[in-house]
Structure formats: structure tokens, C-alpha cells
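I opened my notebook for a first look at this structure. Here is what I looked up, entry by entry.

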Amino acid sequence: MKALTIHIGIFGKTNVGKSSLINFITNQNVSIVSNLPGTTTDAVSKQMELNPLGPITLIDTAGINDVSILKNARIEKTYNIFDSSDIVILMCEPEKISDFEENIILEAKNRKTPCIIVVGKIDLYKPSEMFLKKLKKYTKHILLFSKVIGNRDDFLNSLKKIFLEVFPDNYRENYFSIKNIVKKNATVVLVTPIDLGAPRGKIIMPQIQTLRHILDSNAASYVVQDSEYKTVLQNLKTPPALVITDSQVVKQIVAKTPTNIKLTTFSIIYAADKTDIVEMAKGAAILNNLNDNDKVIISEACTHHASRDDIGKVKLPKWLKKYSKKDLKIKYVCGQDYPKDITNCKIIIHCGGCTLNRKSMFARVSKAVENGVAITNYGIAISVFHGVIEKVLEIFPDALNAYRRHLVNNQIIRCQK
Ligand SMILES: Nc1nc2c(ncn2[C@@H]2O[C@H](COP(=O)(O)OP(=O)(O)OP(=O)(O)O)[C@@H](O)[C@H]2O)c(=O)[nH]1
Ligand code: SF4
Ligand SMILES: [Mg+2]
């Protein structure tokens with residue numbers, strides 16, 4: 001799945017050879033190449049396997065110095081790709097580096113994204129030593145490229161070497177791992193109700209990924225619907241190390257679970273794996289302190305046709321109003337429409353973002369934090385609404401403490417007013 005691949009964005013002025021580069025790397029005609037500046041108008045992405053790194057997604061962008069009428073829209077779209085890129089490839093031609101390229105390097109730096117500079121068209125012009133020395137001030141990762149005289153294997157090997165430097169084997173070490181909680185041979189019960197919202201014949205992505213992580217921990221999973229949960233629990237000889245439930249039935253599942261058994265939700269596990277769980281927990285504290293006319297954004301990362309009991313459009317607004325007892329201004333956004341101006345917003349409640357990669361989710365969280373706006377996710381918010389947040393965050397003490405601390409802060413602020 002695209003969201004789980006390493007994203008590599010290719011940026012640069014029009015006509016420098018970005019599309020030629022993606023075609024060269026993939027050995028396919030993924031993007032149209034022409035000598036007309038502004039040929040690539042919408043970003044084109046292509047997945048490929050680059051072993052031992054695994055699957056990667058290459059994204060060819062529109063040249064950011066596009067002079068057409070649609071310039072601004074294209075530039076905005078291209079800038080959005082910065083947010084999802086795990087690596088930025090800046091393409092330029094020999095001897096041509098200006099404020100424009102420096103700005104791309106700066107955008108990457110601001111996002112702590114590693115940058116590779118690819119100097120193209122070297123069959124036409126040979127880059128001078130002075131020029132290469134200048135580039136080294138920006139990054140140590142510099143590659144020379146020509147689609148005419150270049151050897152694909154050599155180029156891919158050099159590229160791979162850089163990718164492996166940036167993403168060493170242990171690069172996921174700092175990410176949350178279910179292994180921290182579930183040890184070898186332990187049992188985990190997963191509660192996945194098959195309700196109206198469940199896709200026909202499928203298990204949703206956060207549940208599949210959780211299953212995979214449990215397998216990686218050499219532990220065993222029981223996957224049950226909420227209706228069978230109690231029986232399964234009673235039949236187990238030893239209590240499970242952990243119960244992970246769909247957020248929508250969390251209240252019922254907590255009620256059916258002995259207090260000594262650890263319990264959380266798929267959304268919370270997903271938030272820990274994919275984004276900043278502490279920030280999300282902190283953000284959720286605001287749900288206890290909403291006032292009339294506060295603006296709340298419910299944000300979903302993909303578009304879908306809402307069902308009668310759609311979580312984002314129907315259930316969440318209902319729970320939110322009931323819990324806060326306030327007259328809130330709730331705005332629903334989806335897909336790429338993460339609102340630019342969020343300054344007047346009190347809290348963003350975001351979906352799990354299973355179609356977004358980790359970098360994009362972090363970018364969304366950072367944008368909220370930079371603007372002083374609280375952010376949380378569906379699962380955490382639902383657990384607040386159902387009064388089980390302390391239980392489901394128990395296995396993430398830092399997140400639980402952040403929630404409690406922020407709750408106290410909110411209450412102090414409220415008292416001082
Ligand atoms: N000689 C030579 N020509 C190249 C090389 N790479 C690209 N070109 C040519 O440069 C022109 C622009 O190439 P593209 O790959 O379309 O450039 P782009 O950066 O994607 O351009 P936009 O989509 O307009 O932003 C085309 O005519 C290519 O054939 C190269 O390594 N050597
Ligand atoms: S991206 Fe968000 S809204 Fe879309 S399926 Fe995943 S969690 Fe649900
Ligand atoms: Mg192009």
C-alpha cells in the first residue's frame with residue numbers, strides 16, 4: 001500500500017529533466033517528457049521495489065517556476081508534496097543554482113527531510129568543480145545524471161546507497177512497536193465489529209497492520225466480533241496480554257473486560273505507530289473545555305460516500321455535541337483539503353489517516369501545533385466521549401500523563417477566566 005512506502009519527491013525548475021529522471025529510474029514511460037517548460041502539470045507517482053530498501057513511491061512534480069495561468073494552483077499542489085516526502089530530490093542543471101533551488105533546500109530543511117541534489121543533463125554541460133563545491137554546502141548527497149549517457153544500474157546503485165544511508169535498517173527503531181507491550185507467545189484479542197461501516201469482505205488497514213505487528217512479536221491473535229468477545233475471553237486459559245478494540249464499541253468492551261487486563265483501540269495503536277500519540281492525547285484534553293461557537297474541524301484524509309452512520313459525518317458530530325453540551329461550529333473536510341487557515345479553530349479531530357504516509361500525518365500534526373491548535377484523532381476523541389480515555393491510554397503512560405496535565409491546565413485556565 002502506497003501509504004507504507006518511502007516517498008521520494010522530485011522537485012526543481014521546469015524543463016530540468018525531472019520526468020526524464022523518474023522514467024530513467026523506473027525504466028518506464030511514467031511521465032511525459034518534452035522540451036516545453038511546464039509539461040508536467042499534476043504530480044505523477046509511481047511505486048517500485050528497490051531492494052533491500054523495499055517499496056518506494058517516486059513523485060514527479062510540476063516545475064515550481066511554472067509561468068502558466070494555473071501557476072499558483074500547481075505550485076500549491078507541488079508544495080503539498082513536500083509534506084509527504086521522506087526524501088527530497090532537487091534537480092538542477094549544471095552551473096544553475098539560484099534562490100529558487102536554495103528555497104527548495106530550505107523547504108526540505110524546515111521539514112527535516114533529507115535532500116539529494118541531482119545535477120542533470122551532464123552530457124550537454126559538464127558541472128565545474130566550483131559548482132559542485134557550492135552544492136556540497138547544501139548537502140553531502142550529490143549525484144550527476146544524464147538520461148543520454150547514464151548507466152541505469154550504476155545510477156540506481158548510487159541512489160540506493162544514499163537511501164540506505166538515510167534509512168538504515170534500524171530507522172524504524174524510534175517508532176512505536178507493539179513488541180514493547182506484547183511479548184513472545186502472549187495472546188492478544190482483537191475486537192472488530194462487522195457493522196454497516198465495515199467494508200464488504202474486507203478487514204480495514206489499521207487492523208491488518210496490527211495483526212502483522214503482533215505476528216512480528218511472535219504473539220498470537222484472536223480476532224472476534226464484539227458479540228463473541230465475552231465468550232472468547234472466558235474460554236482463554238490465561239488472560240490476554242492486551243485487548244485491542246474498534247473505537248466504536250470501546251465503551252461496551254471496556255465494560256466487559258476485567259480491570260487488570262490491558263485494553264486499547266486500533267486508532268490509538270495506529271496513532272502511536274503513525275504519528276505523535278502524546279500530542280494527540282494532549283489535544284484531546286481540549287474536548288473537555290469547549291465553549292459555544294468554538295470551531296471544530298473534523299478532517300478525513302480520503303473521500304468516501306458517507307453511509308447512514310458514517311463516523312466522521314454523523315456519529316462524531318453527534319457525540320461531540322452531546323459531550324460538550326455546547327453550540328459548536330463543526331466543519332468537515334476531506335481528502336487533500338486540509339484547511340490552510342486553521343488559526344481560528346479550537347481543535348482538529350483527524351481520522352486515522354490510513355491512506356497517508358507517516359510524514360504527511362506528522363506534517364498535519366505539526367501544522368496544528370505551530371498554529372496553537374489542538375489536534376487529536378477519532379479513536380482518542382471517541383474514548384473521551386465514552387469516558388474510557390484513562391483506560392485506553394494506560395499502555396502509553398507519556399500520552400496519558402500529557403492528557404492529564406493538559407486537562408489540569410485547561411481547568412486552571414478556565415478557573416482564572
Ligand atoms: N541531453 C539531455 N536532455 C535531457 C536530459 N534530461 C532531460 N532532457 C531533455 O530536457 C527536456 C525536459 O525534460 P523533462 O524530463 O520533460 O523535464 P521536466 O523537468 O520534467 O520538465 P517540466 O515537466 O516541464 O517541469 C526534454 O526535452 C528532455 O528530453 C539529459 O540528461 N540530457
Ligand atoms: S484515510 Fe481516514 S477516512 Fe480514509 S479510510 Fe483511512 S482512516 Fe478512514
Ligand atoms: Mg515533467
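I started at L316, which touches I298, I311, I349, Y378, I382 and F385, leaving aside residues up to four places away in sequence; contact here means heavy atoms within 4.5 Å.

A note on conventions: this is a predicted model, where local features need pLDDT of at least 70 and side-chain atom pairs count only at pLDDT 80 or more, while totals for chains, interfaces and linings use all residues. Residues are numbered from 1 along each chain as written, ligands from 1 in the order in which they are written, and side-chain values use heavy atoms without hydrogens or water.

Next I looked up the largest nonpolar core (buried Ala, Val, Leu, Ile, Met, Phe, Trp, Tyr and Cys joined through side-chain atoms within 4.5 Å). It has 78 residues, and L316 is among those touching the most other members, along with L287, L316's contact I349, I348, L393 and Y403. Helix 13 (residues 378-385) gives the most to this core, 6 residues; helices are DSSP runs of H or I, at least four residues long. Domain 2 (181-268) and domain 3 (276-416) each supply at least three residues, with bounds from an automatic or database assignment.

I also found a second, separate core of 26 residues, including I25, I89, F145 and I162.

Then I turned to the magnesium ion (ligand 3): its protein donors are S19 (OG) and T40 (OG1), 2.0 to 2.1 Å away. Donors are N, O and S atoms within 2.8 Å of the metal (3.2 Å for Na, K and Ca). I noted that S19 and T40 are both buried, meaning under 20% relative accessible area with a 1.4 Å probe, protein chains only.

Methods:
Buried < 20%, exposed > 50% of the residue type's maximum accessible area, 1.4 Å probe, protein only. Helix = DSSP H or I, 4+ residues; strand = E, 2+ residues; numbered from the N terminus.
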